[in-house]
Amino acid sequence: TFSLPYTITGLAAGSYNISFVSATTCTSNSLTQALSDPTPPTSPTISAGGPLTFCAGGSVNLTSSQATGNTWSTGATSQTINVTTAGTYSVTYTNGSGCSASSTPVVVTVNALPTAPTVSASGSTTFCAGGSVTLTSSQGTGNLWSTGATTQSIVVSAAGSYSVTYTNGSGC
């Protein structure tokens, strides 16, 4: 004997015939109940709004293929997140039936910025017309001078301001 309501759990999808007899009226009743599994959701995909590898100070937007029902590995619940730190990111989509599916994770790499180069002069930076000075970057390669030169050293014979930008092997 049992009292109503009575809960049965762990049943697989299918059709079930439920019969019961009333203890007070000795009448019997039955009903057929069909149970179905909700359709599992399709796993969301992540699209990146730029390169997944960038220099410190940069960022990339990651967007779920699902407009709603998102929970990112960061805890965010929006469709798009802005990522500024290295790591592995994924999104889980939960449909209206409460069923969930997770994306394939994406890896974001953030490269460190290099140390700024220093410039040394081979002599005085003040000289008479017809004179020159050699300016040398502390970096052997990856230099771009304000003159457009890409060598480690440049010879300067005109007055002006000169600078060098160094780009490391990671593109930073």
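Visitor: Which residue does Ser-47 stand opposite in strand 5?
Guide: Bear in mind that this is a predicted model. Strand 3, residues 46-48, pairs with strand 5 in the antiparallel sense over 3 bridges. In that arrangement, the strand 5 residue opposite Ser-47 is Thr-63.

Visitor: And is Thr-63 on the covered or the uncovered face of strand 5?
Guide: Strand 5 shows two faces, and Val-60, Leu-62 and Ser-64 take the covered one. Thr-63 sits with Asn-61 on the other side, so to speak: the face that is uncovered.

Visitor: Strand 5 has another partner, strand 7. How many bridges join them?
Guide: Strand 5 covers residues 60-64, and strand 7 runs antiparallel to it. One pairing to look for is Leu-62 with Ile-81. The number of bridges joining strand 5 to strand 7 is 4.

Visitor: Which residues form the covered face of strand 7?
Guide: Strand 7 spans residues 80-83, and Thr-80 and Asn-82 are on its uncovered face. Ile-81 is the bridge partner of Leu-62, and Leu-62 belongs to the covered face of strand 5. On strand 7, the covered face is made of Ile-81 and Val-83.

Visitor: How many residues make up the largest nonpolar core?
Guide: Nonpolar side chains tend to be buried together in soluble globular proteins. Here the largest core takes in Val-60, Leu-62, Ile-81 and Val-83, and also includes Phe-54, Trp-72 and Tyr-89. Strand 5, strand 7 and strand 11 (106-111) each supply at least two of its residues. The full count is 11 residues.

Visitor: What does Val-83 touch, leaving out residues up to four places away in sequence?
Guide: Val-83 is a member of that largest core, and several of its contacts are too, including Phe-54 and Tyr-89. The whole list is Phe-54, Gly-58, Ser-59, Val-60, Leu-62, Tyr-89 and Val-108.

Visitor: Let's switch to the cysteines. Which two form a disulfide?
Guide: The structure holds 1 disulfide. Its sulfur atoms are 2.1 Å apart, and it links distant parts of the chain, with one end in strand 4 (residues 53-55) and the other in the segment after strand 16 (164-166), 117 residues apart. The pair is Cys-55 and Cys-172.

Visitor: Is that disulfide left-handed or right-handed?
Guide: Look at the torsion about the S-S bond of Cys-55 and Cys-172, which is about -105°. The sign is negative, so the disulfide is left-handed.

Visitor: Cys-172 and Cys-128: is each one buried or exposed?
Guide: Buried means under 20% relative accessible area, and exposed means over 50%. Cys-172 comes in at 12%, so it counts as buried. Cys-128 has 63% relative accessibility, so the label for Cys-128 is exposed.

Visitor: Now Asn-95. Which backbone nitrogen does its side chain reach?
Guide: Asn-95 is in the loop between strand 9 (91-94) and strand 10 (100-102). Its relative accessible area is 16%, so it is buried. Beyond its neighbours within four places in sequence, Asn-95 is in contact with Thr-39 and Pro-41. The nitrogen its side chain reaches, at 3.0 Å, is that of Ser-97.

Visitor: How far apart in space are Gln-66 and Thr-94, C-alpha to C-alpha?
Guide: Gln-66 lies in the loop between strand 5 and strand 6 (70-72). Its contacts beyond four places in sequence are Thr-42, Pro-44, Gln-79 and Tyr-93. Gln-66 and Thr-94 are 28 residues apart in sequence, and their distance in space is 9.5 Å.

How values were computed: Residues are numbered from 1 along each chain as its sequence is written. This is a predicted model: local features need pLDDT of at least 70, side-chain atom pairs count only at pLDDT 80 or more; totals for chains, interfaces and linings use all residues. Side-chain values use heavy atoms; hydrogens and water are left out. Buried means under 20% relative accessible area, exposed over 50%, partly exposed in between (1.4 Å probe, protein chains only). Two strands pair if DSSP finds at least two bridges between them. Contact means heavy atoms within 4.5 Å. A polar contact is a pair of N or O atoms within 3.5 Å; within protein, one must be able to donate a hydrogen and the other to accept it, and residues adjacent in sequence count only if both atoms are side-chain atoms. A disulfide is a pair of cysteine sulfur atoms within 2.5 Å. A nonpolar core is a set of buried Ala, Val, Leu, Ile, Met, Phe, Trp, Tyr and Cys residues joined through side-chain atoms within 4.5 Å.
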